[in-house]
Amino acid sequence: ADAAAGKAVYEKKCKMCHGATGEGNPGMAKVLGTTITPLGSEEVQKMSDADIKKVITQGKGKMKPPAGLSDADVDNVIAHVRTLKK
């Protein structure tokens, strides 16, 4: 997968809620009445690629899956998420 291509997709589809660096957007978390787990955290990074893919494609909790992503887009976003590791 291509992390650079994943970053471009992330910027369009994920950044609004997850923030530019994956730390989460506090304003969006407040609106949704939830907490957004930082994507670079051990909790997220220890997940398998398949588990991250499931969250992206099916959503989790108050997170709705982003529309219009191809399988390649999802794989590329996962590669980008891996670059956010602390």
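Biologist: Which residues is Val 9 in contact with, leaving aside its neighbours within four places in sequence?

Modeller: In this predicted model, Val 9 is in contact with Cys 14, Leu 69, Asp 73 and Val 77. To be called a contact, a pair must have heavy atoms within 4.5 Å.

Biologist: What makes Val 9 buried?

Modeller: The relative accessible area of Val 9 is 13%. The word buried is used under 20%, so Val 9, with 13%, is buried. Val 9 belongs to helix 1, which covers residues 3-13.

Biologist: How far apart in space are Val 9 and Thr 57, C-alpha to C-alpha?

Modeller: They are 14 Å apart, with their positions 48 residues apart in sequence.

Biologist: Why is Thr 57 called partly exposed?

Modeller: Thr 57 has a relative accessible area of 39%. Buried would need a value under 20%, and exposed a value over 50%; 39% is in between, so Thr 57 is partly exposed. Thr 57 lies in helix 5, residues 49-58. Leaving aside neighbours within four places in sequence, Thr 57 is in contact with Pro 65 and Val 74. From Thr 57 to Ala 1 the C-alpha distance is 17 Å, and the two are 56 residues apart in sequence.

Biologist: Now the cysteines. How many disulfides does the count come to?

Modeller: The count comes to 0.

Biologist: How do you know that the sulfur of Cys 14 is too far from the closest cysteine sulfur for a bond?

Modeller: The closest cysteine sulfur is in Cys 17, at 8.9 Å. A disulfide needs the two sulfur atoms within 2.5 Å, so 8.9 Å is too far for a bond. The view from Cys 17 agrees: its nearest cysteine sulfur is that of Cys 14, 8.9 Å away, and Cys 17 is in no disulfide.

Biologist: Does Cys 14 count as buried or exposed?

Modeller: Cys 14 has 12% relative accessibility. That value is under 20%, so Cys 14 counts as buried.

Biologist: What makes Cys 17 count as partly exposed?

Modeller: Its relative accessibility is 28%. This falls between 20% and 50%, so Cys 17 counts as partly exposed.

Biologist: Why does His 18 count as buried?

Modeller: His 18 has 16% relative accessibility, and the cut-off for buried is under 20%; therefore His 18 counts as buried. His 18 lies in helix 2, residues 15-18. Beyond its neighbours within four places in sequence, the contacts of His 18 include Tyr 10, Ile 36, Leu 39 and Met 63. Ala 29 is 11 residues from His 18 in sequence, and their C-alpha atoms are 9.1 Å apart.

Biologist: Why is Gly 27 partly exposed?

Modeller: The relative accessible area of Gly 27 is 41%. As 41% is neither under 20% nor over 50%, Gly 27 is called partly exposed. Gly 27 is in helix 3, residues 26-32. The C-alpha atoms of Gly 27 and Val 81 are separated by 21 Å, and these residues are 54 apart along the chain.

Biologist: How many helices and strands does the chain have?

Modeller: There are 6 helices and 0 strands. The order from the N terminus is α-α-α-α-α-α.

Biologist: How do you know that the radius of gyration agrees with a compact globule?

Modeller: A compact globule of 86 residues would have a radius of gyration near 12 Å; the chain has 12 Å, so the two agree. The C-alpha trace spans about 35 × 30 × 20 Å along its principal axes.

Biologist: What share of the 86 residues in the chain is buried?

Modeller: Buried residues make up 33%. The chain exposes about 5,400 Å², of which carbon and sulfur atoms supply 57%.

Biologist: How many positive and negative side chains does the chain have?

Modeller: It has 14 positive and 10 negative side chains, and the centres of the two sets lie 7 Å apart.

Definitions and conventions:
Residues are numbered from 1 along each chain as its sequence is written. This is a predicted model: local features need pLDDT of at least 70, side-chain atom pairs count only at pLDDT 80 or more; totals for chains, interfaces and linings use all residues. Side-chain values use heavy atoms; hydrogens and water are left out. Helices (H or I, at least four residues) and strands (E, at least two) are DSSP runs, numbered from the N terminus. The radius of gyration is taken over C-alpha atoms; the globule rule is 2.2 Å times the number of residues to the power 0.38. Buried means under 20% relative accessible area, exposed over 50%, partly exposed in between (1.4 Å probe, protein chains only). Accessible areas come from the Shrake-Rupley method with a 1.4 Å probe; for residues, only the protein chains shown count as cover. Lys and Arg count as positive and Asp and Glu as negative; His and the chain ends are not counted. The place of a charge is taken as NZ of Lys, CZ of Arg, CG of Asp or CD of Glu.
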